[in-house]
Amino acid sequence: GVKPKESKVDVLIVGAGPAGLMAAAWMAHCGISARIVEKRNTKIFTGQADGLNSRTIEIFDSLGFSDRVWKESNHMQEICMWNPNAEGVIHRSDRIPDTVVGISRYQQCVLNQSRIERWFIDNIKKYSSKNSNNAISVERGILPESLVIDESKVEDDDAYPVTVALRTLTEEEATPVQAATASKSAASDGLFRSNLVQDDDEADLLRKSQSRPGTKEIVHAKYVIGCDGARSWTRRALGLELEGEATDYIWGVMDIIPITDFPDIRHRCAVHSAENGSLMVIPRENRIVRLYIQLKEVVPDASGRADRSKITPDLIFRAAQKILAPYKLDYEYCDWWTAYQIGQRVGNSYDVHNRVFLAGDAVHTHSPKAGQGMNVSMQDTFNLGWKVALVLKGICKREILATYQSERRRIAQDLIEFDHKFSRLFSGRPAKDLVDAEGIDMEEFKRAFMRGNLFASGMQVDYGPSNLVVKSGNWRELGDRSEKSAKLLTKAKIADDKFAKKQALATGIPVGKRLASFKVVSQADARPWHLQERLKSDGRFRIVLFAGKILSPQQKARVDRFCAKLDAPESFLRRITPADKAIDSVIDVLTIHASPRKDTELLRDFPDILHPFDQHLGWDYTKVYADDVSYHEGFGNAYKNYGVDKEKGCVVVLRPDHYVAWVGDIDDFEDMESYFEGCMRLPAVSAAQDVGIVVETVSS
Ligand code: FAD
């Protein structure tokens with residue numbers, strides 16, 4: 001036959017669900033050449049996941065589309081618990097806040113997955129067109145057929161060690177089979193398309209691929225990211241597996257506009273009936289309400305799969321009516337429904353040779369109860385994408401890629417463990433009284449729910465020590481191994497004490513967690529900003545200098561010394577910044593000081609490096625902030641909330657995904673430099689001298 005076309009690309013992403021789109025977003029924001037292929041011929045329009053946790057919305061803000069989510073979604077404020085009373089009739093037993101109070105400036109909200117995919121597609125198009133010649137758009141109706149890794153090339157930075165054969169599908173092949181058979185009420189009708197998806201352009205309805213069905217292409221890629229869902233082809237092609245719980249739960253899900261006298265239908269509810277099972281109510285945008293029901297009557301057969309033909313919307317709905325009785329529940333409009341079977345499993349490995357990665361449902365599956373599927377999947381590639389991008393740009397060492405598995409696999413394991421406990425509590429029958437040992441204690445359920453909410457917010461994520469995160473080691477584990485000498489243990493303890501001292505400089509900025517946000521006031525124009533608004537996802541590391549009371553002469557002297565080192569030709573900042581790029585193009589330096597804003601002057605009190613000068617653009621007015629009151633938005637109390645001393649200040653290094661990498665004293669410059677030496681490909685100092693920079697003139 002005809003010889004297939006061959007091409008090269010830095011990153012090939014397989015699957016355009018939430019995880020794949022997040023990976024593509026990083027490539028777009030970092031200007032990396034990437035392609036994203038998807039077997040479906042259209043984006044999805046209804047159904048699937050809908051919960052967005054606080055951390056996900058913070059991430060969307062850093063990419064530039066949280067405003068659209070915030071406007072269109074339903075904001076969840078309260079969770080109501082419904083349980084049987086002494087007579088076995090359900091009643092409201094508790095109300096708790098939906099999002100743990102004070103944890104983020106965003107609260108959990110719900111919105112259709114299709115809308116989120118829409119905004120990703122727009123955002124990827126916008127940034128990839130801006131940052132490279134290579135606009136990234138989802139190539140639909142394309143299926144990978146083989147994947148081969150050339151092991152002899154995996155350590156070579158310039159090589160394309162992964163070869164993937166792609167085939168363009170026929171129209172029928174690219175049309176997704178509905179998870180559940182269509183019913184008259186389940187089909188999306190004109191109502192949905194007219195009022196929800198006004199900006200889903202017609203092009204999304206068409207098959208995107210330009211090539212004829214059956215056309216083949218051989219792609220040579222430096223990296224491949226498999227985001228192709230729970231039945232991942234990439235995972236199978238790599239010979240990797242999901243491990244865990246063998247039994248699959250079957251969930252019925254319905255998106256309806258309810259007609260009901262149940263008083264809490266616009267609250268998120270967990271309803272335990274005495275004998276008829278449990279149900280979750282999720283109030284959604286546009287009058288829609290989602291009901292989740294675990295279908296206990298439908299059990300998998302010997303092959304492990306349930307007989308889907310037995311599951312109908314009527315069956316799901318009748319189960320819901322029974323649970324909510326004596327309240328009445330009916331509907332005329334059903335937007336979407338499904339029944340899906342899901343086990344609690346985690347991938348045994350997340351990558352092969354750090355060249356092919358798996359993310360999202362491809363490496364973890366669990367119940368939809370905590371609304372985590374889409375969030376954790378997007379957060380996987382939010383963790384991975386910038387690492388791949390910065391390695392490709394030659395900024396970071398390839399070793400950092402190993403942290404993807406070490407950081408994210410633990411999150412999936414925690415999630416599965418949590419989901420396991422939570423599902424049991426959710427699906428069990430409520431205890432009739434204190435001696436009913438088989439029943440579920442509702443107080444225990446409430447406590448688990450509260451803990452679950454903290455976990456589900458995404459804020460608990462705490463990455464362990466690595467070449468990207470400097471914190472105390474695991475000396476306790478070392479101590480268990482008796483053959484390890486006391487020497488090792490002592491060394492580890494010293495490192496631990498050293499770290500504890502550093503962490504004490506910023507008690508509200510735990511190393512390994514994402515930086516929390518408080519308001520600070522711009523020194524140049526008095527505008528209040530949430531600090532997180534200044535942390536865009538553009539692939540830059542950040543140094544946040546808590547300069548303290550800059551008007552005190554001793555403190556100013558310390559800040560000046562720090563800045564002189566930072567500005568010196570041999571500093572890591574100068575060495576890592578390409579000669580033709582602005583000084584803040586790889587590492588962005590932000591300053592928050594603690595002197596009264598009105599007594600302080602940007603140009604007089606802060607060294608140039610903190611507000612760099614550009615001969616075409618003048619001074620940069622966007623980098624220095626005061627921890628002070630604003631005219632209209634109160635006082636953020638940043639130093640207090642971050643636990644930083646106003647006299648001493650401190651320095652914080654953030655990774656491009658806003659996780660805290662390093663905390664130290666303003667005088668700890670060398671220690672901070674060694675952080676960057678650990679993860680970046682810094683040109684040697686002598687190389688800088690070779691190009692004619694005279695080091696001696698710096699210190700004055
Ligand atoms: P997915 O969203 O599954 O995306 C994978 C993408 O890869 C898909 O677009 C798929 O078409 C594509 N793909 C697959 N194989 C290939 C291939 N070989 N080549 C190219 N492309 C491929 N979560 C909830 O929280 N609540 C719910 O009610 C809920 N309902 C769901 C119902 C269904 C039918 C499904 C499938 C999932 C549901 N989920 C639900 C889970 C939620 O949608 C996922 O957790 C989330 O979308 C994970 O994102 P992902 O990008 O990892 O995977």
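# Group meeting: a walk through the model

Okay, let's start with one pair: Leu 12 stands opposite Arg 35 in β2. That pair belongs to the four bridges that join β1 to strand β2, residues 34-38, and the two strands run parallel. From β1 the chain goes through helix α1, residues 18-30, and on to β2, and this β-α-β crossover is right-handed. Right-handed here means that, with the strands pointing away from the viewer, the path from the first strand over the helix to the second runs clockwise.

Some housekeeping. This is a predicted model, in which local features need pLDDT of at least 70 and side-chain atom pairs count only at pLDDT 80 or more, while totals for chains, interfaces and linings use all residues. Residues are numbered from 1 along each chain as its sequence is written, and side-chain values use heavy atoms, with hydrogens and water left out. Helices (H or I, at least four residues) and strands (E, at least two) are DSSP runs, numbered from the N terminus. For two strands to pair, DSSP has to find at least two bridges between them.

Back to β1, then. Which other strand does β1 pair with in the parallel sense? That's β11, residues 216-226, over nine bridges. In β11, His 220 is the bridge partner of Lys 8. And is β1 enclosed or open? Seven of the ten residues in β1 (residues 5-14) are buried, so the strand is largely enclosed by the rest of the structure. Buried means under 20% relative accessible area, exposed over 50%, and partly exposed in between, with a 1.4 Å probe and protein chains only.

Now α2, residues 54-63. Ten of its ten residues are buried, including Arg 55, Glu 58 and Asp 61. What covers these buried residues? Among the elements are α1, β3 (51-52), α3 (66-72) and α4 (113-131). Just after the helix, Gly 64 takes a positive phi of about 105°.

On to the ligand, which is probably what you came for. It's surrounded by 31 residues, and the closest are Ala 19, Glu 38, Arg 290, Tyr 292 and Asp 361. A residue gets on that list if one of its heavy atoms lies within 4 Å of the molecule. At least two shell residues each come from α1, β9 (142-149), β16 (289-294), β17 (329-342) and α9 (373-392).

For polar contacts, think pairs of N or O atoms within 3.5 Å; within protein, one must be able to donate a hydrogen and the other to accept it, and residues adjacent in sequence count only if both atoms are side-chain atoms. A ligand nitrogen lies 3.2 Å from a backbone N or O atom of Lys 39. A ligand oxygen sits 3.3 Å from an N or O atom in the Gln 48 side chain. An oxygen atom of the ligand is also 2.8 Å from a polar backbone atom of Asp 361. On its own the ligand has 970 Å² of accessible area, and the protein covers 88% of that. Those areas come from Shrake-Rupley with a 1.4 Å probe; for residues, only the protein chains shown count as cover.

Last stop: His 530, in strand β23, residues 528-530. It's buried, with a relative accessible area of 16%. Its side chain makes a 2.7 Å polar contact with that of Ser 517. Leaving out residues up to four places away in sequence, His 530 touches Arg 105, Ser 517, Phe 518 and Lys 519, where contact means heavy atoms within 4.5 Å.
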